[in-house]
There are 2 protein chains.
Amino acid sequence: MPPFARLTPIGSIRSPFQEPAGTPIQPAFAGEAEGIVEVLPEYAEGLRDLDGFERIWLIYWLDRAPPPRLLVMPFRDDVHRGLFATRAPCRPNPIGLSCVRLLGIERNLLTVGGVDILDGTPVLDIKPYVPQFDAFPQSRAGWLEKGGNNRTLADHRFGSDGAADKG
Amino acid sequence: MPPFARLTPIGSIRSPFQEPAGTPIQPAFAGEAEGIVEVLPEYAEGLRDLDGFERIWLIYWLDRAPPPRLLVMPFRDDVHRGLFATRAPCRPNPIGLSCVRLLGIERNLLTVGGVDILDGTPVLDIKPYVPQFDAFPQSRAGWLEKGGNNRTLADHRFGSDGAADKG
């Protein structure tokens, strides 16, 4: 395994969602669902100044994702699409990306809102959400602009042991 | 090493930037800098439908990042900040995240604009940029709203062998 392949969790997520079916497929559909990011105490110092940000990126490992496949039927469509044009969990590297609201920080515990992540998911990184870098509200969104349905919750299509993220 | 730690590159980036100093610290400051994402041929089928998206997320491995540290002086400030409140490269898991413009796709080659990534960087994942999920233009951005300077290019502070991403 090449050297870049070494990952270590910096913490884990506590969320109300124990299985994919019924889990919001994106924070945008998660309403007021709250979760806790439990950062390992040895990384707590790195959280300084984060409280000034309204939103944060959570980068996490979809530890219950099914094996990769290159064509998938996403939650919000009724035809197969190329995997990399979707947010489906069955990726070569099952890395999840969610922009969640940061509601509070106490020591090494972050309370977050709009969580769409399964309980117990390992967290790999936290980054501040910076509109200047991350917000492009007019960006054209391909098939998702004319998707076949308006599903907001996951079902069993990515396996009953699949991860929640992401139609 | 736990099972979630297995990563595999799906391709690599070709960019004009050979070293951190002088590399844009974010796509927002990269202007017209173009790069090529060379996806391994065995994953090319997964690129279907991606051409409908104006922007894509590149998730990549900061293979030249220095060792992690929890307090850093970011490119755009003059005081130390908590690592997770910055986009600095010296992270426990040096995963880079950039929203770039998708200019064209030919077979397994993506031409992208606004690239802020070092030449040869391994790519871990590609996701479509979806404004409904990703764009929050009014989100409060902590210290970055009153940062100490307006630097747009990296310097040597994260090591001459450090990765470009991210003050």
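The two copies in this predicted model meet through the same surface, because 100% of the interface residues of chain A are also interface residues in chain B. The contact draws 58 residues from chain A and 58 residues from chain B.

Which elements build that surface on chain A? Those that give two or more residues to the side touching chain B are β3 (55–61), β5 (81–82), β6 (95–106), β8 (122–128) and α1 (131–134) of chain A. The largest share comes from β8(A), with six residues. As for chemical character, the residues on this side of chain A divide into 35 nonpolar, nine polar and 14 charged.

Let me turn to the symmetry. A turn of 180 degrees, with a shift of 0.0 Å along the axis, lays chain A on chain B with an RMSD of 0.0 Å. That is the relation of a two-fold axis. Which residue of chain A comes closest to the rotation axis? That residue is A135(A), whose C-alpha lies at 2.1 Å.

I shall now consider the single chain. The secondary structure of chain A comprises eight strands and one helix. Read from the N terminus, the order of the elements is β-β-β-β-β-β-β-β-α. Chain A has 167 residues, of which 56% count as buried. Among contacts in chain A with a separation of 6 or more, 80% are between residues 24 or more positions apart.

The interior deserves a closer look. The largest nonpolar core holds 88 residues, and the members that touch the most others are I56(A), W57(A), L58(A), I56(B), W57(B) and L58(B). On chain A, the strand β3 covers residues 55–61. To take one of these core residues, what does I56(B) touch? Leaving aside residues up to four places away in sequence, I56(B) touches L50(B), V100(B), L102(B), I126(B), K127(B), P128(B) and Y129(B).

Finally, a word on confidence. The model scores ipTM 0.89 and pTM 0.89. Chain A averages a pLDDT of 87, and 89% of the residues score at least 70. Where does the pLDDT of chain A fall below 50? It does so over residues 160–167 of chain A, a stretch that has 40 contacts in the model beyond near neighbours in sequence. Where pLDDT is low, the predicted coordinates should not be read in detail.

To close, I return to the interface: the contact takes 58 residues from each of chain A and chain B, and the two chains are related by a two-fold axis.

Methods:
Residues numbered from 1 in each chain as written. Chains lettered and ligands numbered in written order. Predicted model: local features only at pLDDT ≥ 70, side-chain atom pairs only at ≥ 80, totals over all residues. Contact = placed C-beta atoms within 7 Å. Helix = DSSP H or I, 4+ residues; strand = E, 2+ residues; numbered from the N terminus. Nonpolar A, V, L, I, M, F, W, Y, C, P; charged D, E, K, R; others polar. pLDDT = per-residue confidence, 0-100. Least-squares fit on C-alpha atoms with pLDDT ≥ 70 in both. Core = buried A, V, L, I, M, F, W, Y, C linked by C-beta atoms within 7 Å. Buried ≥ 20, exposed ≤ 12 C-beta atoms within 10 Å, placed from the backbone.
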